[in-house]
Each structure stands twice: as structure tokens, then as C-alpha cells.
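Dear colleague,

I am passing on the structure below, followed by my notes on a few places in it. Could you read them alongside the coordinates when you have time?

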Amino acid sequence: MAAGGELGFLEDAAIYLTAAVVAVPIFKRLKLGSVLGYLAAGSIIGPYALGAVGDAESVFAFAEFGVVLLLFLIGLELKPARLWALRADIFGLGTAQVLVTAAAVAVFGIFALGAVWQAAVLVGMALALSSTAFALQLMQERGEFTTPHGTRAFSILLLQDIMIVPILALAPLLTLGASIDTAGGGWTDALESVGAVVGLILAGRFLLNPIFRIIAQTHSHEIFLAAALLLVVGSALLMHLFGLSMALGAFIAGVMLAESEYRHQLEADIEPFRGLLLGLFFIAVGMSVNWPVVLQEWALVIGGALLLLIAKAGILFGLCRSFGSSGPDAGRIAATLPQGGEFGFVVMAEGVSLGLLSATESGMLTALITVSMALTPPLRIAFERLTPKLWPEPVHNLPRVGDGMEENNVIVLGFGRVGQIVSQIFRQKGIAVTAIDADPKRIEAAKRFGAKVYFGDATRVDVLAASGMARADLVFVTIDNAAACTKSIDLISHHFPAVRIMARAHDRLHALDLMDSGADFLIRDTLESSIKLAEEGLRRLEIDAEEISILIDDFRRADHERLARQKAEGIYATAEDGNTFRLDKS
């Protein structure tokens with residue numbers, strides 16, 4: 001039974017976490033994916049199985065915030081220019097998918113099931129919408145967001161999220177008693193929704209960066225995290241107040257920050273919350289499956305879910321092919337988006353309130369949608385196994401969409417005097433660099449000189465991951481703070497061992513600390529400049545150039561030997577040779 005009392009919340013939380021920790025690793029080990037693991041966990045602990053927790057509705061509202069956070073993070077990956085480049089897929093392919101699917105379902109309902117046309121149209125629109133949470137989680141696990149089929153699938157999902165607004169606005173017109181006033185109110189609501197979207201875009205364009213700059217200057221990670229969550233909650237709440245999808249509001253906020261210097265830090269801060277809440281959402285979906293109804297009407301529910309998957313996948317495949325997708329890409333999209341979605345639950349509830357659907361019919365359709373969600377991960381797995389047989393010839397992916405700094409493979413951590421010079425040299429060669437620094441004032445100063453620097457704490461592994469470290473070929477660690485420099489190098493060498501690390505040592509003592517850090521190459525701040533200064537002085541004393549060269553080479557060799565000896569025997573191991581002075585500065 002559901003936990004109660006003062007500790008009820010903690011007891012329920014313990015049950016959710018235990019179910020996830022047990023089920024997800026098992027399903028991952030079986031190569032079935034984490035989504036099915038969460039669904040299974042929810043089904044087992046839900047009210048229709050063990051009854052360990054109460055009604056799924058009690059957690060749905062909270063858990064759906066995971067979808068909101070997911071859309072915000074995806075928005076951070078999509079610059080406005082890239083989003084504009086997808087407009088044909090969003091408004092062309094996406095609109096075609098919704099209209100064709102809705103029409104097909106409505107025609108089937110009218111002629112095969114004898115449903116009234118108003119109810120059939122409403123159900124058709126509901127079933128045309130796919131599950132954003134399921135589809136994006138599947139693509140994220142496979143790293144498909146930047147592939148051609150990934151961006152096209154996301155375009156379809158984005159249009160579906162937008163379509164929930166006109167669907168709910170036009171639903172009252174399906175009732176026989178709809179009046180002109182009702183229709184007028186629907187269009188007024190739609191205009192208000194458009195105004196809310198425009199307002200959010202303007203606020204994101206002109207207010208967000210200055211606000212985050214002020215917050216970053218406090219150097220308080222907790223306040224920055226609170227501001228990031230407030231941004232997502234506020235944008236989602238604004239859209240909700242105007243009848244729009246909360247996820248759409250968070251997505252717009254993310255897109256507005258996609259070119260911001262704070263995007264990597266925001267992504268790192270939001271990601272842990274996204275993962276936990278999205279997992280809770282899938283658990284809630286599993287809890288909502290009414291197994292007695294499914295077992296009692298198993299042929300109708302499972303047959304309807306399979307019919308929906310087949311019909312929707314066929315429509316998606318045909319439309320994607322007509323829009324230029326290759327066979328494998330069209331198949332992947334069709335195997336990722338054929339299920340009903342979470343917005344379908346909302347449309348069904350609206351149908352009951354309007355008298356178009358009975359509570360029993362709504363319950364059966366809700367079960368059908370949920371079962372279609374559960375069948376999607378194994379459908380995608382089956383498709384991938386069949387792909388080599390269906391398309392034996394290898395199909396090369398098109399170039400990745402996007403031209404942002406995150407696509408580059410050289411990263412500079414610390415944009416002080418050393419990092420600036422390194423970045424300038426690489427950019428002069430035509431090699432773009434992703435630069436990260438934790439000082440908002442320095443970032444703002446770099447912007448005035450035309451340099452793009454992202455805000456982030458390079459001593460956090462999640463920030464390093466968000467910066468694209470896993471894809472980097474080379475990283476320069478030139479952070480001004482020696483301790484932060486050492487910690488960052490340790491994290492990179494441990495979590496991203498394939499990346500070659502070029503390290504800046506602040507002085508001789510720091511160089512000794514870094515010798516075992518995993519850096520591929522390190523150099524002390526003042527070493528080369530001091531050698532160059534001494535070399536020029538010797539030249540002005542008219543000493544022979546060959547003798548100067550031999551002298552400098554001897555010094556380099558002796559310095560290297562001293563450093564190795566000091567590393568092995570201690571800092572004072574070479575004190576007797578009379579050549580080691582001011583070790584903390586050299």
C-alpha cells in the first residue's frame with residue numbers, strides 16, 4: 001500500500017529509487033535500454049501490481065518536469081540559425097505527419113469501428129502525437145541528436161509539441177453545440193499564445209545573458225544553479241499560463257541561450273536533474289498501465305497498440321522518404337516515433353470533459369498509448385538488427401548539422417594571458433577553438449575583442465563533458481590558478497584518457513606536481529621567455545652565436561636533469577650545484 005505519515009514522502013522516494021536501481025541495470029545488461037527498465041520498475045511497484053506506491057497521477061505532474069528539462073538541454077544544442085535551417089522539416093514534414101496520421105486514424109475509426117466523426121477526429125489528433133520523452137531518450141542513448149535522422153525526428157517532435165495548442169483550441173468546435181463565441185475565444189487564446197512565445201524570445205535575446213553575467217560574478221555555484229532552474233521553471237510556467245506546452249517554453253529558453261557563453265555551465269548544472277526526473281516520468285508511465293484492463297481486453301489493447309505502431313511507422317517511413325531521407329534513416333525515424341505520446345493523455349482528458357469520449361473509452365485509449373510506448377524500445381532494437389539485411393550496402397551519413405564551437409576538437413581551459421595567445425595562434429591557422437573560463441569579466445572583455453569564450457568551471461567533470469571533451473583531440477590547460485589547473489588535468493586524464501593534454505605549469509614546484517598528472521606536454525610559465533631574454537642579452541654582448549646556442553642547449557639539458565632529480569629526491573636535491581634559485585618562481 002502507499003506509504004503514509006510524516007515519512008511517507010521519503011518512503012515513496014526510497015521505493016522509486018530502489019526500483020530504478022534494480023531494474024535499469026538489468027535491462028541495460030540485457031541491451032534493452034533504460035527506458036524499458038524504468039517502465040518495468042513502474043509497472044511492478046504500481047497500484048495494479050504490488051501496490052507499493054499510490055496512483056501514478058500523484059507523481060506525473062512532478063515527473064513531467066524531466067521532459068521540460070530535457071527540452072531545455074536540447075535547445076542549448078540548437079542555435080537559432082540551425083533551427084531556422086530545419087524549418088522545412090519542422091513545418092513541412094512535421095505538419096504532414098500530424099495531418100496524415102490524424103486523418104488515417106479518424107477514417108479507420110469512422111468506417112471500421114463505427115465511431116462518430118467528432119470523436120474519431122479528436123482521437124486521430126491525439127494518436128498522431130508521439131512521445132517526446134521516449135523518442136528523445138532513445139536517441140540520446142544512441143547519440144543520434146546530431147545525425148540526419150536524429151535532427152529530422154526532432155523536427156517532427158517539435159512540430160507535434162507546437163500542435164498541441166491548436167488541437168486544444170479547436171477541440172470545442174468538434175462538439176455539436178460549438179458556437180461562434182467558442183471559436184472566437186479559441187483564436188483569441190491562440191493569438192495570446194503567439195504573443196507569449198514572442199515575449200519569451202525577446203526576453204531571452206536581451207535579458208538572459210546580462211542576468212547570468214551578474215549572477216556568475218557572485219562566484220556562487222548554488223546561486224547559479226538556482227538561477228538556471230528558475231529560468232527553466234519560469235519559461236515553462238509562462239507557456240503553461242497561456243495554454244502552451246511547458247516543454248516548448250523551456251526549449252525556446254534553451255535556444256535563446258545556445259550561443260551564450262554560459263551554455264556549458266548551464267548544461268552541466270541541469271543534466272543531473274533531467275536524468276532523475278525523466279526516469280521518474282517513465283516510472284509513472286509504467287505505474288499508469290491498468291493491467292487488469294489490459295488482461296481483460298488484451299486483444300483490443302495490444303492489437304490496437306500494434307496497429308497504431310504499424311500504421312504510424314508506415315506513414316512516417318513514406319513521408320521521410322518523400323522528403324529525401326535514405327532508407328535506413330527513414331526506417332530509424334519510423335521505429336523511433338510510432339508510439340502515442342504523453343500529450344495524448346491531455347487530449348483524451350479534454351475529450352471526456354467535452355463529452356466526446358466516455359471515461360471507459362478514454363481509459364482504453366490511455367492503456368493503448370502506454371502499451372505502444374512500452375513496445376517502442378524493442379521495436380527500435382529489432383529494426384537495428386534487421387537494418388544490415390534490409391540495406392546491405394553501407395549508407396554514409398550526411399555531414400553533421402551545425403557550425404558551432406562545440407563541433408571543434410581543440411579546447412582551451414583558462415583564457416588568461418597564456419590561453420589567449422594559444423587561441424590566437426590556432427585561429428590564425430584557421431583551427432577553431434572552444435575556450436572556457438570561470439571569470440565573467442574576462443569573458444566580457446574577450447567579447448569586446450571579438451573572441452567567444454564560454455563560462456564554466458573547468459574543475460568539474462560535468463562541465464568538461466558539456467564542453468565536448470569526449471570528442472576533443474587536444475586540450476590546453478592554461479588556468480591561472482595552479483590548484484585548479486592540477487585538478488582539471490587530473491579529471492581530464494581520468495575521465496577522458498584519449499585527449500592529449502598540453503599543460504601550463506605556473507612555476508617549478510607546480511611542474512613537479514604535474515609530472516605524474518597525465519599531461520602529455522607541460523611547460524613552465526616563465527621558462528621560454530627567460531631563456532629568450534638571456535639569449536638576446538648574450539647576443540648584445542657580442543658573444544658568438546654558436547657558443548650561445550651551445551650554452552642554451554646545455555642549460556636546457558641541465559634544467560631537465562635537475563627537474564627529474566628533484567621529482568625523484570625532493571626539491572632540495574640539487575641545492576649543492578649552485579644553479580637552483582627562487583624555485584617558486586622559475
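In this predicted model, the contact between helices H6 and H16 is made on the H6 side by Leu 93, Ala 96, Gln 97, Val 100, Thr 101, Ala 104 and Phe 108, which meet Leu 307, Lys 312, Ile 315, Leu 316, Leu 319 and Cys 320 of H16. By character, the residues of this contact divide into ten nonpolar, two polar and one charged. The axes of H6, which spans residues 87-112, and of H16, which spans residues 298-322, come within 10 Å and cross at roughly 145 degrees, and the crossing is right-handed.

I then turned to the aromatic residues, where the count comes to seven aromatic pairs. In one of them, Phe 224 and Tyr 262, the ring centres are 6.4 Å apart and the planes stand at 45 degrees, an angle that lies between the 30 and 60 degree limits, so the pair is classed as tilted. The two residues come from distant parts of the chain, given that Phe 224 belongs to helix H12 (residues 221-241) while Tyr 262 sits in the loop between helix H13 (246-256) and helix H14 (263-287), 38 residues apart. Phe 224 has a relative accessibility of 3% and therefore counts as buried, and Tyr 262, at 0%, counts as buried as well.

Tyr 262 also forms an aromatic pair with Phe 455, again tilted, with 5.2 Å from centre to centre and 55 degrees between the planes. Because Tyr 262 lies in the loop between H13 and H14 and Phe 455 in strand E3 (residues 453-455), this pair ties together parts that are 193 residues apart in sequence. Both Tyr 262 and Phe 455 are buried, and ring pairs link these two residues with Phe 212 and Phe 224 into a cluster.

Phe 455 leads on to Asp 437, since Phe 455 is among the residues that Asp 437 touches. Is Asp 437, which has its place in strand E2 (residues 434-437), buried or exposed? With a relative accessible area of 6%, which is under the 20% limit, Asp 437 is buried. A polar atom of the Asp 437 side chain lies 2.7 Å from the backbone nitrogen of Phe 415. Leaving aside residues up to four places away in sequence, Asp 437 touches Gly 414, Phe 415, Gly 416, Arg 442, Ile 443, Val 453, Tyr 454, Phe 455 and Gly 456.

With best regards

Terms used: Residues are numbered from 1 along each chain as its sequence is written. This is a predicted model: local features need pLDDT of at least 70, side-chain atom pairs count only at pLDDT 80 or more; totals for chains, interfaces and linings use all residues. Side-chain values use heavy atoms; hydrogens and water are left out. Buried means under 20% relative accessible area, exposed over 50%, partly exposed in between (1.4 Å probe, protein chains only). A polar contact is a pair of N or O atoms within 3.5 Å; within protein, one must be able to donate a hydrogen and the other to accept it, and residues adjacent in sequence count only if both atoms are side-chain atoms. Contact means heavy atoms within 4.5 Å. Axes are lines fitted to C-alpha atoms, for helices over the stretch in contact, and angles run from 0 to 180 degrees between N-to-C directions. Helices (H or I, at least four residues) and strands (E, at least two) are DSSP runs, numbered from the N terminus. A crossing is left-handed if the near helix is turned anticlockwise from the far one by less than a right angle, and right-handed if clockwise. Ala, Val, Leu, Ile, Met, Phe, Trp, Tyr, Cys and Pro count as nonpolar, Asp, Glu, Lys and Arg as charged, and the others, Gly among them, as polar. Rings of Phe, Tyr and Trp (its six-membered ring) pair if their centres lie within 6.5 Å; planes under 30 degrees apart count as stacked, over 60 as edge-to-face and the rest as tilted.
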